[in-house]
Amino acid sequence: MRKFELIAPCHFGMEALLKREIDDLGYDITEVSDGRVTFFGDEEALCRGNIFLRTAERILIKVGSFPAESYEELFQGTKALPWEEYIPEDGKFWVAKAASVKSGLYSPSDIQSVMKKAMVERLKDVYHVNWFAEDGARFPVRVFLMKNQVTVGLDSTGESLHKRGYRKLVAQAPIAENLAAALIRLTPWNGSRILVDPFCGSGTIPIEAAMMAARMAPGMKRHFTAESWPQIVERRMWQDTREEAEELVDRQIQPDIQGYDIDDHMVNIARENAKLAGVEHLIHFQRRDVRELSHPKKYGFIITNPPYGERLHDKEQMPALYKLIGERFRALDSWSMYLISAYENAERDIGRKADRNRKIYNGMMKTYYYQYLGPKPPKGKRV
């Protein structure tokens, strides 16, 4: 079976979580760097990475890496890579994204143009043609330049892995599915514990939690670019991996997961998304103001993405909102709260300094994950 070095990009600050996921799948990590984890794997690993990883953005096949301080070196380094091992004569290929950090080559459009020309020249020599129809399977390429070191990957995923396929309807400021999964993984929550999201919006956090509780692989209901690459990954491998994912689903689980929102329309959207994800029976959604946040049971979890006040006319409402969050949390005896926010006075207005605080980038926005740790339930106690 063919071996690859695979690159899994992720949100900055989530590398350790992704590394643990890859370890759990049984693959050898070769490098952990800012925003990505690299590991060795075969065809099966490529399929399983796409279907099972919750916190990754995509899975790239590493085509190669080389130093380049000029566009001529970029051209020659790209041309020297074995593109013919991946791209057939009728393949449609292009540099979909170029990212440059602390490199002398910093123009994405120039990097993309130079690399495309180099790929064409290499494949012209191999296939003995002067022109490519590019009417076959798609082969998007992604490149990272870090301090003049170029790393080139072939994108096996297509649409980002955060697009599980269930979120057809979204809130005004939705949180990405893979970030929601990462936030949950940063807590001790498991399917036997209570989870409430009082600002559930389109339902992403409760849905991701329900999928985890039921051991539903995040990518089992979507398709990937590499499914049209039978010369690289046999179609049977995708089918086998999906069957593996289906066999792992726990259909007996009955978690206590709740999502509230003040907007009836958003509650309906959340229910529809949960239905598309196949977890509508595992979550209780309802219209409820955060003022009414309460629960009779102990040792529960609040995991939430409340408003940040990013729009100017909302900023004046933030102090009162976060004070209310603090009041309702204090009324929940023995609960824990995990809250992601870009609101700079969150701790002050909640009325308590977080036990832990983690900087996380939500897209390009710097946010903080405030972690208020409640007591553990007594050993052996069902909650």
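Student: What makes strand E9 and E10 a pair?
Tutor: In this predicted model, strand E9 (residues 257-261) and E10 are joined by 5 bridges in the parallel sense. Strands count as paired if DSSP finds at least two bridges between them, so E9 and E10 qualify. Glycine 259 stands opposite phenylalanine 285 in E10.

Student: How do you know that helix H8 packs on the sheet?
Tutor: Helix H8 (residues 264-277) touches E9 and E10, where contact means heavy atoms within 4.5 Å. Its direction makes about 165° with that of E10; axes are lines fitted to C-alpha atoms, for helices over the stretch in contact, and angles between N-to-C directions run from 0 to 180 degrees.

Student: What are these elements, and where do the limits come from?
Tutor: Helices (H or I, at least four residues) and strands (E, at least two) are DSSP runs, numbered from the N terminus. Residues are numbered from 1 along each chain as its sequence is written, and side-chain values use heavy atoms, without hydrogens and water. Local features need pLDDT of at least 70, side-chain atom pairs count only at pLDDT 80 or more, and totals for chains, interfaces and linings use all residues.

Student: Which strands stand at the edges of the sheet E10-E9-E8-E11-E12-E14-E13, and why?
Tutor: This open sheet of 7 strands has mixed pairing. Strand E10 (283-287) and strand E13 (356-362) each have a single partner strand, so one side of each lacks a neighbour in the sheet.

Student: How are strand E1 and strand E3 joined?
Tutor: 7 bridges link E1 (residues 3-9) to E3 (residues 36-42), and the two run antiparallel. Isoleucine 7 has threonine 38 in E3 as its bridge partner.
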